[in-house]
Amino acid sequence: METLNVGLVGYKFMGKAHSNAFRKLGMFFSPSMKVCMKAICGRDEAWVRESAEKFGWEGYETSWEKLVTRSDIDMVDIAAPSNVHKEIAIAAAESKKHIFCEKPLALNLKDAREMLAAAEKNGVKHQIGFNYRFVPAVQLAKKLIDEGKIGKIYHFRALYLQDWIIDPDFPLVWRLDKKIAGSGSLGDLGAHVIDIARFLVGEFDSVIGMNKTFIKERPIVEKMTGLSATSQTGAAKGQVTVDDATLFLAEFKNGALGSFEATRFANGHKNGMSFEINGSKGSLKFEFERMNELQFFSSEDEAGTQGFRTIQVTEPVHPYAGAWWPAGHVIGYEHTFVHEMYEFVEAIAKDRQPVPDFNDGVKCCQIIEAVDLSIAERQWIKVDNL
Ligand SMILES: NC(=O)c1ccc[n+]([C@@H]2O[C@H](COP(=O)([O-])OP(=O)(O)OC[C@H]3O[C@@H](n4cnc5c(N)ncnc54)[C@H](O)[C@@H]3O)[C@@H](O)[C@H]2O)c1
């Protein structure tokens, strides 16, 4: 069996999630290629060495430039903030490495298009980290829609609600800096539900939005990891340069209507990603914090016993579920990353393009930019005009 030698950039939140996925892949699935965790990369040598040992990597690098040109690496996985996605991805493509990149694909649409062009020109496989597509319940929703079970879609309604920066003294982390993150709640949270909407409903026609930065200055950060951070007492403050909340409306090309809300100021909501789809024959409802369940209403059920049914998506017949535990033994967030890496490895082994790929990343950046433009110009924007 051939081996895929992986190099990963980033060892914190996503770095850990991806490392865990590579470790679990061979244990639960039977990928057509063996995965070798060759090297993890980060700028701080002591931290990256410790992460390499803890996560199970053969070695480490302190410069991504070195990692992407190593002859013993076949694939580069980018789990660093958005400001470095483009440079790393283009260098990896030019070194003929396959590329996995976290979302949002880039700081802006122009950069995203350059990344896609570089991957295509160099003939490498590319995938983007829209991991929520890989929740078995979301895959089941797709199957039911494709089978016509909910009929013609009229509405898509999505919320992505968090509250981790609601304290005005929460530090100025990189996610609040436009130069590093590109966008705030829209690019971070909205990106996922935009992708789910494209996956389940179809392409966007036009959008109009509104946004707000509720807290405009925050203390300079001292330490951060994942979604936690600290600052020194009495630290100087710096400007927040991204949106704290973005709401927008959309019309899809197939005539369906959509409404979207992405915010980090929804007190009590930790990772409240949810959506509802209403069609001519039925409806579907999903909440990430109950990710093993999908709610399905069918107007074709017998009159008198109609109602939303809760499907527990853990049976071997359900997408990906058969690889894990017996029915009813629920799975979690980390499993979505195993599923997406399985897709990537299989695509390389079978010489096909993985899904979702940089084209999906570009489309998502196009919609984000259209929403931002609609806010600036206070009018509907046709997505294809960008
Ligand atoms: N798919 C998801 O659900 C999801 C969740 C969180 C984050 N993300 C995305 O993943 C990416 C990383 O986010 P995170 O939460 O893991 O961030 P993080 O701050 O936890 O970790 C970022 C990592 O990148 C490294 N890094 C930064 N600049 C670097 C450079 N120039 N060279 C080498 N390493 C560098 C840091 O050392 C750190 O290890 C972002 O694009 C983010 O939007 C996706």
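Below, a biologist asks a modeller how statements about this predicted model are justified.

Biologist: What makes the fold a match for a compact globule?

Modeller: The radius of gyration does. A compact globule of 386 residues would have one near 21 Å, and the protein has 21 Å, so the two agree. The C-alpha atoms fill a box of roughly 65 × 55 × 40 Å along the principal axes. Of the 386 residues, 48% count as buried. The protein has 10 helices and 19 strands.

Biologist: How do you know that the ligand lies between the domains?

Modeller: The domain assignment gives domain 1 (3-132) and domain 2 (135-354 + 364-377). Both give residues to the shell around the ligand, so the ligand lies between them. That shell has 23 residues, the closest being Lys12, Phe13, Met14, Ala80 and Glu102. By class, the shell divides into 10 nonpolar, eight polar and five charged residues.

Biologist: Which element gives the most to the shell?

Modeller: Helix α1 (residues 13-28), with three residues. α1 also gives the most to the side of domain 1 that touches domain 2, but I should start with the contact itself: 35 residues of domain 1 are in contact with 40 residues of domain 2. On the domain 1 side, nine of the residues come from α1. By class, that side has 21 nonpolar, 10 polar and four charged residues. The centres of the two domains, taken over C-alpha atoms, are 23 Å apart.

Biologist: What makes the length of α1 agree with that of a helix at 1.5 Å a residue?

Modeller: α1 has 16 residues and reaches 22 Å from its first C-alpha to its last, close to the 22 Å expected. Its buried residues are Met14, Gly15, Ala17, His18, Ser19, Ala21, Phe22 and Leu25. Among the elements that cover them are β1 (3-9), β2 (34-41) and α9 (333-349).

Biologist: Why is methionine 14 called buried?

Modeller: The cut-off for buried is 20 or more other C-beta atoms within 10 Å. Methionine 14 has 22, so it is buried. Methionine 14 lies in helix α1 and touches Ala79 and Glu102, leaving out residues up to four places away in sequence.

Biologist: Why is lysine 96 called exposed?

Modeller: Exposed means 12 or fewer other C-beta atoms within 10 Å. Lysine 96 has 10, so it is exposed. Lysine 96 is found in the loop between α4 (85-94) and β5.

Biologist: And what makes the backbone of lysine 96 worth a remark?

Modeller: Its phi is positive, about 60°, although lysine 96 is not a glycine. Most residues other than glycine have a negative phi. Arginine 378 also has a positive phi, of about 55°, and is not a glycine. Arginine 378 lies in the loop between α10 and β19 (381-382). With 9 other C-beta atoms within 10 Å, arginine 378 is exposed.

Biologist: Which value goes with calling the bond from lysine 103 to proline 104 cis?

Modeller: Omega, which is near -15° for that bond. Proline 104 is found in the loop between β5 and α5. A cis bond also joins valine 355 and proline 356, with omega about 0°. Proline 356 is in the loop between α9 and α10 (358-377). Most peptide bonds are trans.

Methods
Residues numbered from 1 in each chain as written. Predicted model: local features only at pLDDT ≥ 70, side-chain atom pairs only at ≥ 80, totals over all residues. Near = placed C-beta within 6 Å. Helix = DSSP H or I, 4+ residues; strand = E, 2+ residues; numbered from the N terminus. Nonpolar A, V, L, I, M, F, W, Y, C, P; charged D, E, K, R; others polar. Domains from an automatic or database assignment. Expected span 1.5 Å × (residues − 1). Contact = placed C-beta atoms within 7 Å. Rg over C-alpha atoms; globule rule 2.2 N^0.38 Å.
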